[in-house]
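These are my notebook entries on a single protein chain. I recorded each item as I looked it up.

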Amino acid sequence: MISKWILKIFGWTVDITVPDYPKSIICVAPHTSNWDFILGKLAYASVGRKAGFLMKDTWFFFPLGPIFRAIGGVPVARKHKGPSLVEQLIKRYNESSTLSLAITPEGTRSRNSKWHTGFLRIAYATGVPIVLGAIDFSTKRIEITRTFQPSGDLEKDMREVKDFYKGFKGKYPDKFSTD
């Protein structure tokens with residue numbers, strides 16, 4: 001598989017052991033660089049899986065927009081009217097028989113200790129499993145080895161998710177916070 005070969009050439013290892021759920025939310029952190037997107041797509045493809053992803057809508061210009069949509073991109077409008085992104089994604093999960101989306105709860109490549117809770121709220125409303133994915137530049141390792149079972153307590157669940165990511169280093173470690 002070409003994706004596995006590309007990762008190997010650049011010294012990356014991949015460890016994805018969670019089940020290939022028909023529907024899942026792939027919570028991905030740290031997110032400090034655009035390389036996270038490329039590495040994540042390559043890693044997931046290297047084990048024969050496909051997942052969509054959320055991306056700022058300003059990236060969906062021609063010719064990139066059609067390409068991003070074709071590989072599972074979902075544009076996220078910062079200024080929108082109508083239902084919230086969380087409501088839209090809950091509807092999408094409920095109407096789909098298969099759907100896996102990578103979501104970066106930091107919501108930015110800049111340092112942000114206030115992570116977005118949408119991925120948890122989507123899981124609460126749909127029962128879709130959350131798998132925790134990490135891209136660690138210090139070890140050149142990409143892993144998705146844990147399925148997170150949310151309790152329904154937003155604060156407790158977010159603390160547990162952030163605690164999981166404490167040991168991982170982004171490309172720019174100073175831009176990552178689990179505080």
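Entry 1: Trp5 and the nonpolar patch. I looked up the exposure of Trp5 in this predicted model and found a relative accessibility of 53%, so Trp5 counts as exposed, the cut-off being over 50%. I place Trp5 in helix 1, which spans residues 2–9. I then asked which residues form a nonpolar patch on the surface with Trp5. I found Ile2, Ile9 and Phe10 beside Trp5 in that patch, and together the four have about 510 Å² of accessible area.

Entry 2: positive patch. I noted a surface patch of positive charge made by Lys56, Arg78, Arg109 and Lys175. I followed up Lys175, which lies in the segment after helix 6 (154–165). I read a relative accessible area of 32% for Lys175, which makes Lys175 partly exposed.

Entry 3: salt bridges. I searched the whole structure for salt bridges and obtained nine. As background, I note that side chains of opposite charge can pair when their charged atoms come close.

I examined Asp15 and Arg141, whose side chains meet in a salt bridge at 2.8 Å, N to O. How many residues apart are the two partners? I count the pair as a link between distant parts of the chain, 126 residues apart, with Asp15 in strand 1 (residues 13–16) and Arg141 in strand 7 (residues 141–148). I find both partly exposed: Asp15 has a relative accessible area of 22%, and Arg141 has a relative accessibility of 30%.

I turned next to helix 6, where the side chains of Asp163 and Arg159 form a salt bridge at 2.9 Å, N to O. I asked why these two can be partners along one helix, and I noted that they stand four residues apart in helix 6, about one helical turn. The general rule is that an α-helix has 3.6 residues a turn, so residues three or four places apart point the same way. I record Asp163 as partly exposed at 37% relative accessibility, and Arg159 as partly exposed with a relative accessible area of 33%.

I also found Asp163 in a salt bridge with Lys166, with 3.4 Å between the closest N and O atoms. I list Lys166 as partly exposed at 49% relative accessibility. I then noted a network in which salt bridges with shared partners join Asp15, Arg141 and Glu143.

Entry 4: Thr178. Is Thr178 buried or exposed? I found Thr178 to be buried, with a relative accessible area of 10%. I locate Thr178 in the segment after helix 6. I set aside neighbours within four places in sequence and obtained contacts of Thr178 with Trp115, Arg159, Lys162, Tyr165 and Lys166. I note that Arg159 and Lys166 on this contact list each form a salt bridge with Asp163.

Entry 5: helix 5. I asked which residues of helix 5 (residues 118–126) are buried. I obtained Gly118, Phe119, Leu120, Ile122 and Ala123. I traced the packing of these buried residues to strand 2 (23–29), helix 4 (85–95), strand 5 (99–103), strand 6 (130–136), strand 7 and helix 6. I looked just past the end of helix 5 and found Gly127 with a positive phi of about 75°.

Terms used: Residues numbered from 1 in each chain as written. Predicted model: local features only at pLDDT ≥ 70, side-chain atom pairs only at ≥ 80, totals over all residues. Heavy atoms only, no water. Patch = residues over 30% accessible without salt bridge, like charges linked within 9 Å, V, L, I, M, F, W, Y side chains within 5 Å. Areas by Shrake-Rupley, 256 points an atom, 1.4 Å probe, with all protein chains shown as cover. Lys, Arg positive; Asp, Glu negative; His and termini not counted. Charge placed at Lys NZ, Arg CZ, Asp CG, Glu CD. Buried < 20%, exposed > 50% of the residue type's maximum accessible area, 1.4 Å probe, protein only. Contact = heavy atoms within 4.5 Å.
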